[in-house]
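Trainee: I would like to learn how to read a protein structure. Could we go through one together?

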Amino acid sequence: MLMDNQEKGGYKYDFRPSTRMNALVLPFNQTHRDPVKQELFSNKDFRIALSHAIDRDGISETIYSGVVKAYQAAPAEGSAFYDEEFATQFTKYDPDKANKMLDAIGLNKRDEQGYRLDKTGERLRIEALMDQSHVGERTDILELVKNDWREVGIFLDIRIVEGSFMQTQRLDNNFDLLPPPGDGGIGVLDSFANYAVQNPASTWGIGYYYWMSDKNHATAVEPPAHVKKQIELYRKMGETASQEEQNKLMKEILQISKENFYTIGTVSSLDEGVVIKNGVHNTDTQVPDSYSIASPGPMRTSQLWKESQ
């Protein structure tokens, strides 16, 4: 619609690149306060099964007219850290395989509606919290994932909530799934929360982050050896000014992430649309849309100027 009405609206519709690698990622909280869910969400085969249960071509066709592709939570093609195998692993839509894997890990009993039961005999309910300000594209993707997972007996409950409630739940480590867009496609050295415990945005391992920051934190969870290794590598990155050494250490971090498959991706991210009013000059569509560089700050907005009427 915006492209069709450019002349009538007196503007130009352009695009600027995005540094994201994913439209939406699904980071199960592997440090959950509920021991039953912590054990399940920490099981790599559980995550692989649910990844195979997502029809990513369906997401692309339904929401993006087929212009995006299946993509995991992995560095984008334009990144120096791009790894095709990492980006595409477990993206094949295969509900039969997903069903077999879920049965094999002990989720082989179902209730009358066909939903799987956890080890306590209760329906496995996965709650995804979404900030009400992000209703739209993100919730559309979640609804399609919900339908796909229903086909393999997994109940995804999508709750639209106020942003401060989400923040409270995250800081209290009291959530199943907080699905964000996938940062860290480009600029991986600055934004790698989807690949290792970097900051509170690493919701797949929030308890591990607290452990890294303060082992005595009320919600700290001691991480497994592979996560500890990443923390060790991360700290070494801060001890060197060598770009070459930092890249080497990051590649090791990413290899561990690839092997352990922390976060499920959906589809690749689109470039960001930009509306430029006719008569406005010094606009820059080359500066990426990126949280890590505080867009649009780097485009020097103070130098924008508009023709007088």
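Trainee: Let me begin with a single residue: does Tyr 234 count as buried, exposed or partly exposed?

Mentor: Good start! Before we look, note that this is a predicted model, where local features need pLDDT of at least 70, side-chain atom pairs count only at pLDDT 80 or more, and totals for chains, interfaces and linings use all residues. Residues are numbered from 1 along each chain as its sequence is written, and side-chain values use heavy atoms, with hydrogens and water left out. Now the rule: buried means under 20% relative accessible area, exposed means over 50%, and partly exposed lies in between (1.4 Å probe, protein chains only). Tyr 234 has 26% relative accessibility, so Tyr 234 counts as partly exposed.

Trainee: And how do I read a pair of aromatic rings?

Mentor: A pair of aromatic rings is described by the distance of the centres and the angle of the planes. Rings of Phe, Tyr and Trp (its six-membered ring) pair if their centres lie within 6.5 Å; planes under 30 degrees apart count as stacked, over 60 as edge-to-face and the rest as tilted. The count here comes to 11 aromatic pairs. Phe 192 and Tyr 234 make an edge-to-face pair, with 5.1 Å from centre to centre and 75 degrees between the planes.

Trainee: Where in the chain do Phe 192 and Tyr 234 sit?

Mentor: They are 42 residues apart: Phe 192 is in the loop between helix H8 (163-171) and helix H9 (206-213), while Tyr 234 is in helix H10. Helices here are DSSP runs (H or I, at least four residues), numbered from the N terminus, and strands are runs of E with at least two. Phe 192 has a relative accessible area of 1%, so Phe 192 is buried.

Trainee: Next, packed helices. What should I look at?

Mentor: Two packed helices are described by the angle between their axes and the distance between the axes. The axes are lines fitted to C-alpha atoms, for helices over the stretch in contact, and angles run from 0 to 180 degrees between N-to-C directions. H10 (residues 225-237) and H11 (residues 243-260) pack at about 165 degrees, with axes 9 Å apart. That makes H10 roughly antiparallel to H11. Angles under 35 degrees count as roughly parallel, over 145 as roughly antiparallel, 65 to 115 as roughly perpendicular and the rest as oblique.

Trainee: At what angle do H9 and H10 pack?

Mentor: About 50 degrees, with their axes 11 Å apart. H9 and H10 are therefore oblique to each other. Their contact (heavy atoms within 4.5 Å) is made by Tyr 208, Trp 211 and Met 212 of H9 with Val 227, Lys 228, Ile 231, Tyr 234 and Arg 235 of H10. Notice our Tyr 234 in that list.

Trainee: Which residues of H3 and H6 meet?

Mentor: First the geometry: H3 (residues 44-52) and H6 (residues 95-104) pack at about 155 degrees, with axes 8 Å apart. That makes H3 roughly antiparallel to H6. Asp 45, Phe 46, Ile 48, Ala 49, Leu 50 and His 52 of H3 meet Pro 95, Lys 97, Ala 98, Met 101 and Leu 102 of H6. Phe 46 also joins Phe 28, Phe 41 and Trp 149 in one aromatic cluster.

Trainee: One last residue: is Lys 258 buried or exposed?

Mentor: Lys 258, in helix H11, counts as buried because its relative accessibility is 12%. Leaving out residues up to four places away in sequence, Lys 258 touches Asp 83, Glu 85, Phe 86 and Gln 89.
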